[in-house]
Structure formats: C-alpha cells, structure tokens
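I have a fresh model open on the bench today, and these are my running notes. I'll go from one pairing outwards to the whole sheet, then to the core and the rings.

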Amino acid sequence: MTAFEAGDLVLIGPECSVQFSGDRALRVRLVSIGAADPYHGWVWLTGYVLDAKGMATDKREVYVRSAGIRACSPASPRMRRVGRKVPGHASQAQRNEEDRPTTVLSQ
C-alpha cells in the first residue's frame, strides 16, 4: 500500500473487499487510518464517501485490504469551479432553465 494519509482521496473497490464490487465501490476522502494492524494486510479506514460531484454524502468506517486501496483523482476542474461567477457567462441553473422544454397542457 502506498502511504496514504488523512485528506487523501482513495477508491475502495473489489480489490479491498468483495463487498465493494461493482456499483458498491466508494470514493472516500480519508479522515483517519487505523494505527493498529489487526490482521496482516488489512486496515481500518475512516472517511467521507463522495458523490459524483465530489460532495460528502456519508461518513464511513471500513475494514479493507490495504493492498487494494487505490489513489483516486480529485474532482475535475469543472467540478471544482462550482459557485465561481464568470462575467458574461450563464450559470448552470440558467442554462438548465433555457434547455427545459415548455409543456403546454390543454384542457
């Protein structure tokens, strides 16, 4: 395992434990890594599960194979700019409103 530390973004997938296979894999921002190694090659991790936008959705404590932990790339630059106002550009909410089809209900 690479030396991960609090604040790192990691992927917890099937290489860590079968319970994280398929769509059950987690992107986690680490809060802490257990100091004790109860069983060789396994470790307790505490962190925040992130959604596709990079927002924390849940705090989890997981017991995983340390060799399976993978570094995960941070949110894309577009995601990190959320909330920044650029003069002359429509916000995402404004663009969504413009793209929304108009529904006419007849009686």
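**Entry 1: a starting point in the sheet**

Which residue in β3 does R29 stand opposite? I looked it up, bearing in mind that this is a predicted model: the partner is Y48. I then turned to β1, where L9 stands opposite R29 in β2. R29 therefore has L9 as its opposite number in β1 and Y48 as its opposite number in β3, by the DSSP reading of bridges. I also checked L30, and found G47 of β3 opposite L30.

**Entry 2: the sheet as a whole**

I stepped back to count elements and got 2 helices and 5 strands. Along the sequence, I read the pattern β-β-β-β-β-α-α. How are the strands ordered in the sheet? I find an open sheet of 5 strands in the order β4-β3-β2-β1-β5, with antiparallel pairing. At the edges I see β4 and β5 (70-71), each of which pairs on one side only.

I looked at two of the pairings in detail. Between β2 and β3, which run antiparallel, I count 5 bridges. Between β1 and β2, also antiparallel, there are 4 bridges. A reminder to myself: strands of a sheet pair through backbone hydrogen bonds, either parallel or antiparallel.

**Entry 3: the core**

Next I asked what the inside looks like. Of the 107 residues in the chain, 22% are buried. The largest nonpolar core has 14 residues, and those touching the most other members are V10, I12, V28, L45, V64 and I69. I traced where this core comes from: β1 (9-12), β2 (26-33), β3 (42-50) and β4 (56-65) each supply at least two of its residues. That fits a general note I keep: in soluble globular proteins, nonpolar side chains tend to be buried together.

I picked L45 for a closer look. Which residues is L45 in contact with, leaving aside its neighbours within four places in sequence? My list reads I12, L30, S32, I33, R60, E61, V62, V64 and I69.

**Entry 4: the rings**

How many aromatic pairs does a search of the whole structure find? I get 2. In one of them, the rings of W42 and Y63 have their centres 5.5 Å apart and their planes at 25°, so I log the pair as stacked. This pair links distant parts of the chain, with W42 in strand β3 and Y63 in strand β4, 21 residues apart.

The other joins W44 to Y63: the centres are 4.9 Å apart and the planes at 40°, so I call this pair tilted. W44 lies in strand β3 and Y63 in strand β4, 19 residues apart, and again the pair links distant parts of the chain. W42, W44 and Y63 form one aromatic cluster.

Are the tryptophans buried or exposed? I find W42 partly exposed, with a relative accessible area of 28%. W44 also counts as partly exposed, at 38%.

**Entry 5: chain totals**

Two last look-ups before I close the file. The accessible surface of the chain comes to about 8100 Å², and 53% of that belongs to carbon and sulfur atoms. Among contacts with a separation of 6 or more, 40% are between residues 24 or more positions apart.

Conventions. Residues are numbered from 1 along each chain as its sequence is written. This is a predicted model: local features need pLDDT of at least 70, side-chain atom pairs count only at pLDDT 80 or more; totals for chains, interfaces and linings use all residues. Side-chain values use heavy atoms; hydrogens and water are left out. Buried means under 20% relative accessible area, exposed over 50%, partly exposed in between (1.4 Å probe, protein chains only). Contact means heavy atoms within 4.5 Å. Accessible areas come from the Shrake-Rupley method with a 1.4 Å probe; for residues, only the protein chains shown count as cover. A nonpolar core is a set of buried Ala, Val, Leu, Ile, Met, Phe, Trp, Tyr and Cys residues joined through side-chain atoms within 4.5 Å. Two strands pair if DSSP finds at least two bridges between them. Rings of Phe, Tyr and Trp (its six-membered ring) pair if their centres lie within 6.5 Å; planes under 30 degrees apart count as stacked, over 60 as edge-to-face and the rest as tilted.
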